Amino acid sequence: MNFEQIRKNNEAWIAEKLALDPDYFANLSKGQTPDTLYIGCSDSRVTAEDLMGAKPGEVFIHRNVANMVISIDLNVMSVLNYAVRHLKVNNIVVCGHYACGGVKAAMQSQDLGLLNPWLRNIRDVYRLHKDELNCIVDLDKRYDRLVELNVQEQCVNLIKTAAVQQAYKERGLQVYGWVFDIHSGKLIDLRIDFPKILTDIMEIYKLD
Ligand code: CO
């Protein structure tokens, strides 16, 4: 894409929005009250708003390589705290996707330089679920399962934070784990048992 084309696309988009609603941008500029925080992969094929049919103002979005929630990553933690404590979202979604390059890289024995510490967190997910994963003989299926388990563990990482624990107690904030099936376009709900995980890990991770 070149900038000239992008500028033309932008003008067409503005005209389309204003034709439907002359106050569209005036209303957008008033502020945002999204109900959901979405944490997904940066992959160019997994466009968060498109696949959910979400309109501007509805979903607060954070994307990084392999949809990770890492406690010392100031970026994701700032997004999380802003969304939960200031925007008061009631739902948080971690959305992974099959054919995730980040997850694939973490399954290989290769030095990827600066990416090593980031991908190390996915290797830790593998180690935690090594017995289950190593029983899956088909490598493609094992890869798919690691994508799912990685989403599950990132949901657990969310639940380890004070912001999520407090918002759950105060207003019943919910955490969801999804996988986008890039082969069919379908969103799969992994049915993360949020209250059970919360109960299980509170002995060690309770912060409030
Ligand atoms: Co990915």
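**Exercise 1. The N-terminal helix and its nonpolar patch**

Task: In this predicted model, find the helix in which Phe3 lies. Then decide whether Phe3 is buried or exposed, and name the residues of the nonpolar surface patch it belongs to.

Solution:
- Step 1. Phe3 lies in helix H1, which covers residues 3-20.
- Step 2. The relative accessible area of Phe3 is 61%. The cut-off for exposed is over 50%. Phe3 is therefore exposed.
- Step 3. Phe3 joins Met1 and Ile6 in a nonpolar patch on the surface. Together these residues have about 410 Å² of accessible area.

**Exercise 2. A salt bridge within helix H1**

Task: Which residue forms a salt bridge with Arg7? How many residues apart do the partners lie in the helix, and which network includes them?

Solution:
- Step 1. The partner of Arg7 is Glu11; their closest N and O atoms are 2.7 Å apart.
- Step 2. Both residues sit in helix H1, four residues apart, or about one turn of the helix.
- Step 3. Arg7 has 33% relative accessibility and counts as partly exposed. Glu11, at 45%, also counts as partly exposed.

**Exercise 3. Two further salt bridges**

Task: How many salt bridges does the structure hold? Take the pairs Asp43 and Arg45 and Glu148 and Arg145, and classify each partner by burial.

Solution:
- Step 1. The structure holds eight salt bridges.
- Step 2. The side chains of Asp43 and Arg45 meet at 2.7 Å, N to O. Asp43 has a relative accessible area of 14%, so Asp43 is buried. Arg45 is at 46% relative accessibility, so Arg45 is partly exposed.
- Step 3. Glu148 and Arg145 form a salt bridge with their closest N and O atoms 2.8 Å apart. Both lie in helix H8, three residues apart, about one turn of the helix.
- Step 4. Glu148 is buried, with a relative accessible area of 16%. Arg145 is partly exposed, at 23% relative accessibility.
- Step 5. Now the network asked for in Exercise 2. Shared salt-bridge partners join Glu4, Arg7 and Glu11 into one network.

**Exercise 4. The nonpolar cores**

Task: In the largest nonpolar core, which residues touch the most other members? Which helix gives the largest share of this core? List the contacts of Leu37, leaving aside its neighbours within four places in sequence.

Solution:
- Step 1. The largest nonpolar core has 49 residues. Leu37, Ile92 and Leu158 touch the most other members.
- Step 2. Helix H8, residues 139-159, gives the largest share of this core, with nine residues.
- Step 3. Beyond neighbours within four places in sequence, Leu37 is in contact with Phe60, Val79, Leu80, Ala83, Val89, Asn91, Ile92 and Val93.
- Step 4. Another core lies apart from the largest one. This other core has nine residues, including Tyr38, Val46, Ala48 and Ala54.

**Exercise 5. The cysteines**

Task: How many disulfides does the structure have? Where is the nearest cysteine sulfur to that of Cys95? Are Cys95 and Cys100 buried or exposed?

Solution:
- Step 1. A disulfide needs two cysteine sulfur atoms within 2.5 Å. By this rule the count is zero.
- Step 2. Cys95 is in no disulfide. The nearest cysteine sulfur belongs to Cys41, 9.4 Å away.
- Step 3. The cut-off for buried is under 20% relative accessible area. Cys95 is at 0% relative accessibility, so Cys95 is buried. Cys100 is at 1%, so Cys100 is buried.

How values were computed
Residues are numbered from 1 along each chain as its sequence is written. This is a predicted model: local features need pLDDT of at least 70, side-chain atom pairs count only at pLDDT 80 or more; totals for chains, interfaces and linings use all residues. Side-chain values use heavy atoms; hydrogens and water are left out. A nonpolar core is a set of buried Ala, Val, Leu, Ile, Met, Phe, Trp, Tyr and Cys residues joined through side-chain atoms within 4.5 Å. Buried means under 20% relative accessible area, exposed over 50%, partly exposed in between (1.4 Å probe, protein chains only). Helices (H or I, at least four residues) and strands (E, at least two) are DSSP runs, numbered from the N terminus. Contact means heavy atoms within 4.5 Å. Patches are made of residues with over 30% relative accessible area and no salt bridge: like charges are joined within 9 Å, nonpolar side chains (Val, Leu, Ile, Met, Phe, Trp, Tyr) within 5 Å. Accessible areas come from the Shrake-Rupley method with a 1.4 Å probe; for residues, only the protein chains shown count as cover. A salt bridge is a side-chain nitrogen of Lys or Arg within 4 Å of a carboxyl oxygen of Asp or Glu.
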